[in-house]
Amino acid sequence: MVKEITKKEYDVLCLAVSELLKSGDTTIKCPRCGKRLIYESKGSLEIIRCENISCIKSIRRGI
């Protein structure tokens with residue numbers, strides 16, 4: 001069962017992306033389990049996810 005991302009979790013993931021884009025690294029951990037967050041960019045796709053693939057993932061698309 002896939003658990004929906006809460007607003008609070010989404011805000012944490014956005015903050016981590018911002019930190020990653022500014023400095024290339026983040027100290028922010030997964031809001032669910034505390035593991036490392038991974039950022040991936042594929043064309044206009046932006047993915048931020050927990051290193052535990054079954055934990056949390058947010059995908060954003062640009063234009």
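**Exercise 1. The sheet**

State the strand order of the open sheet and the sense of its pairing.

*Solution.* Step 1: The three strands of the open sheet lie in the order β1-β2-β3, and their pairing is antiparallel. This is read from a predicted model. Step 2: β1 and β3 are the edge strands, since each of them pairs on one side only. Step 3: From one strand to the next, the twist averages 15 degrees.

**Exercise 2. Bridges between strands**

Find how many bridges join β1 to β2, and how many join β2 to β3.

*Solution.* Step 1: β1 and β2 run antiparallel and are joined by six bridges. One residue pair to locate here is Ser 41 with its bridge partner in β2, Glu 46. Step 2: β2 and β3 (residues 57-61) are also antiparallel strands, paired over five bridges. Here Ile 47 has Ile 59 of β3 as its bridge partner. Step 3: The connection from β2 to β3 is a hairpin of six residues.

**Exercise 3. The nonpolar core**

List the residues of the largest nonpolar core and say which element gives the largest share.

*Solution.* Step 1: The core has 11 residues, namely Leu 13, Ala 16, Val 17, Leu 20, Ile 28, Cys 30, Leu 37, Ile 48, Cys 50, Cys 55 and Ile 56. Step 2: Two elements, α1 (7-23) and β2 (45-50), give two or more residues to this core. Step 3: The largest share comes from α1, with four residues. Step 4: A general tendency fits here: in soluble globular proteins, nonpolar side chains tend to be buried together. Step 5: Take Val 17 as one member of the core. Beyond its neighbours within four places in sequence, Val 17 is in contact with Tyr 39, Glu 46, Ile 48 and Arg 60.

**Exercise 4. A residue in β3**

Decide whether Ser 58 is buried or exposed, and list what Ser 58 touches.

*Solution.* Step 1: Ser 58 is located in strand β3. Step 2: Its relative accessible area is 7%. Buried means under 20%, so Ser 58 is buried. Step 3: Leaving out residues up to four places away in sequence, Ser 58 touches Ile 5, Tyr 10, Leu 13, Glu 46, Ile 47 and Ile 48.

**Exercise 5. Salt bridges**

Say how many salt bridges the whole structure has. Then describe the pairs Lys 7 with Asp 11, Arg 36 with Glu 51, and Glu 40 with Arg 49.

*Solution.* Step 1: A search of the whole structure gives five salt bridges.

Step 2: In the pair of Lys 7 and Asp 11, the closest N and O atoms are 2.9 Å apart. The two residues are four residues apart in helix α1, so about one helical turn separates them. Lys 7 is exposed at 60% relative accessibility, while Asp 11 is partly exposed at 37%.

Step 3: The side chains of Arg 36 and Glu 51 form a salt bridge with an N to O distance of 3.5 Å. Arg 36 is in the loop between α1 and β1 (37-42) and Glu 51 is in the loop between β2 and β3, so the pair ties together parts 15 residues apart in sequence. Arg 36 is partly exposed at 47%, and Glu 51 is partly exposed at 39%.

Step 4: For Glu 40 and Arg 49, the closest N and O atoms are 3.6 Å apart. Glu 40 counts as partly exposed at 23% relative accessibility, whereas Arg 49 is buried at 15%.

Technical notes. Residues numbered from 1 in each chain as written. Predicted model: local features only at pLDDT ≥ 70, side-chain atom pairs only at ≥ 80, totals over all residues. Heavy atoms only, no water. Core = buried A, V, L, I, M, F, W, Y, C linked by side-chain atoms within 4.5 Å. Buried < 20%, exposed > 50% of the residue type's maximum accessible area, 1.4 Å probe, protein only. Contact = heavy atoms within 4.5 Å. Pairing = 2+ DSSP bridges. Salt bridge = Lys/Arg side-chain N within 4 Å of Asp/Glu carboxyl O. Axes fitted to C-alpha atoms, helices over the stretch in contact; angles between N-to-C directions.
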